Amino acid sequence: MQAVNRGRDHCYNHAVPLAERVRALAVSAVVLAAVLWPLTWIPDRDSFPLSSYPMFAHNRRSAVLTAVYAVATDQRGERRYVPPELIGNREVLQARAVLDRAARGGKKGVAILCREVAEKIAAGQGGAQMSGTVEVQILRGRHDAGAYFETGLLGEEHVLGHCPVERR
Amino acid sequence: MKAIAAAIERWFAPDSPAERLAAVRILVGSFTLLYLGVRLPHIASYLSFPARQFQPVGILAPLDGPPPGAVILAVSALAWLAALGFTLGWRYRLTGPLAALLLLVTFTYANSWGQIFHTENALVLTVLVLAVTRAADASSLDARGSPAPAPHARYGWPLRLLCLVVVATYFLAGIAKLRWGGPGWMGGTVLRDTIAADSLRKILLGSAHSPIAEALLGQGWMFRALAVLTLVVELGAPLALLHRRIAAVWVLAVIGFHLGVLLLMTILFPFPLSGIAFAPFFRAERVTGWIAARLRRFRARRSPAGSGSP
């Protein structure tokens, strides 16, 4: 009997005015519905702060990576990978998004990004790492990551666009 | 039927001390102040992005172009100030919702450039929930001079809701792996190839990759084990709702999972790694009480009266 009474005393129904109880239920229902809503989304859809958390979920069939990236070359043709902060900001995934978008924009999109990167390098933003570079190339490469980490060899590359680094 | 509904309601809204919900507010608020402060340069970096890169998501989705830089800087600064009010429990009915709204705008803006980072979702959701609760009825400037309220269901349901939100986010991530990766995801090859490709991508993008991942890529058994453990942690998340001890085990497993992600993919999830994301599962008031006691002792030692010197 005591246990039953304790249960009743702890019951939200008895302790809280109806309006507050309704508000609690409404807030909870809305929040939970919103958080679970992404379950109904298609695989490529994502948002913020609601998300289906699709990162790492896709059924990758191999370690082959197709990526768009930028390299800066010096007079001897030696290449240096352009760091994220010269493409977007310090976030590597942000740089990837910027490069992918430029590639989707075709020759014009690539040319604009290439020029922007070359201007930053010319202005000295790349520091010592980019000193002596004379050209920026935007590449699309298809590489087997497993093979790369075993042998150090990259796969095929295709130059999407290139532009000179014009230091004044 | 009525009995079942009452039982659910009792589980969902147990009597809890006001100090517990307040402690979660203080911990989450303090983390927000620190995190937003550290992330301001990152947020500001988007001001120099060309407008064509803007791909608004969430509440900013209706915008045609990025808001003016001055607006973003003002919103970010106000978000920090409102978060300070949120943390201190000062005029909470105003600063709570204001902090939540401004944080939502600030972080949505930073995620609206073609890349959603998933590192801030849980933080923003937690602040949004806390903002509409009575989280400043104790341990706050608003409650200064008032006696601490008795334990009550109105302090219990927000904590339970926060636990449900945390559990749901991990459960969704597990479901996504099964939906889009299929059962093959558990074999470990998908995870190994994903980590290998991610490491190579980082090299191609001139960034640091994990030497640990590179060294371990040949250990197929390890990635099988990691894949299974990942799915167990994510799909087993609802178990954390059953008992505080199960929650403790689960939280340790999740923190271990995030440490693994950091070591193998150099991706940092600061909110869960700090442990503060899981504060609603526990007696958080003990943590803030311990910190407050240490601060009092520190102050007493520094003040002339407490120094013991003649």
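Angles under 35 degrees count as roughly parallel, those over 145 as roughly antiparallel, 65 to 115 as roughly perpendicular, and the rest as oblique. Keep that scale at hand for the exercises below.

The model is predicted, so local features need pLDDT of at least 70 and side-chain atom pairs count only at pLDDT 80 or more, while totals for chains, interfaces and linings use all residues. Residues are numbered from 1 along each chain as its sequence is written, chains are lettered from A and ligands numbered from 1 in the order in which they are written, and side-chain values use heavy atoms, with hydrogens and water left out.

**Exercise 1. Describe the make-up of chain B.**

Step 1: Look for helices and strands, which are DSSP runs numbered from the N terminus (helices are H or I, at least four residues; strands are E, at least two). Chain B has 13 helices and zero strands.

Step 2: Take the extent. The C-alpha trace of chain B spans about 65 × 60 × 55 Å along its principal axes.

**Exercise 2. Work out how α2(B) and α6(B) are oriented to each other.**

Step 1: Find the geometry. Axes are lines fitted to C-alpha atoms, for helices over the stretch in contact, and angles run from 0 to 180 degrees between N-to-C directions. For α2(B) and α6(B) the angle is about 45 degrees and the axes are 9 Å apart.

Step 2: Apply the scale. α2(B) and α6(B) are therefore oblique to each other.

Step 3: Name the residues in contact (heavy atoms within 4.5 Å). Arg20(B), Leu21(B) and Val24(B) come from α2(B), and Pro158(B), Leu159(B) and Leu162(B) from α6(B).

Step 4: Sort them by class. Ala, Val, Leu, Ile, Met, Phe, Trp, Tyr, Cys and Pro count as nonpolar, Asp, Glu, Lys and Arg as charged, and the others, Gly among them, as polar. This contact has five nonpolar, no polar and one charged residues.

**Exercise 3. Do the same for α7(B) and α9(B).**

Step 1: The axes of α7(B) (residues 189–204) and α9(B) (residues 220–235) come within 7 Å and cross at roughly 105 degrees.

Step 2: That crossing makes α7(B) roughly perpendicular to α9(B).

Step 3: On α7(B) the contact uses Leu191(B), Arg192(B) and Ile195(B), and on α9(B) it uses Phe223(B), Leu226(B) and Ala227(B).

**Exercise 4. Characterise the interface of chain B and chain A.**

Step 1: Start with buried area, the accessible area (1.4 Å probe) that two parts lose on being put together, summed over both. The two chains bury about 6500 Å² between them, 66% of it on carbon and sulfur atoms.

Step 2: Pick out the leading residues. In chain B, Trp180(B), Leu204(B) and Leu205(B) lose the most area to chain A, together 13% of what that side buries.

Step 3: Count salt bridges (a side-chain nitrogen of Lys or Arg within 4 Å of a carboxyl oxygen of Asp or Glu). The interface has five. Glu116(A) forms a salt bridge with Arg52(B), with the closest N and O atoms 3.1 Å apart.

Step 4: See which elements of chain B take part. Those giving two or more residues to the side that touches chain A include α1 (2–12), α2 (18–45) and α6 (157–181). α6(B) gives the most, with 14 residues.

**Exercise 5. Find the backbone features in the loop between α3 and β1 of chain A.**

Step 1: A cis peptide bond, with omega about 0 degrees, joins Phe48(A) and Pro49(A). Pro49(A) lies in the loop between α3 (18–36) and β1 (64–74).

Step 2: Tyr53(A) lies in that loop too, and its phi is near 50 degrees, a positive value in a residue other than glycine.
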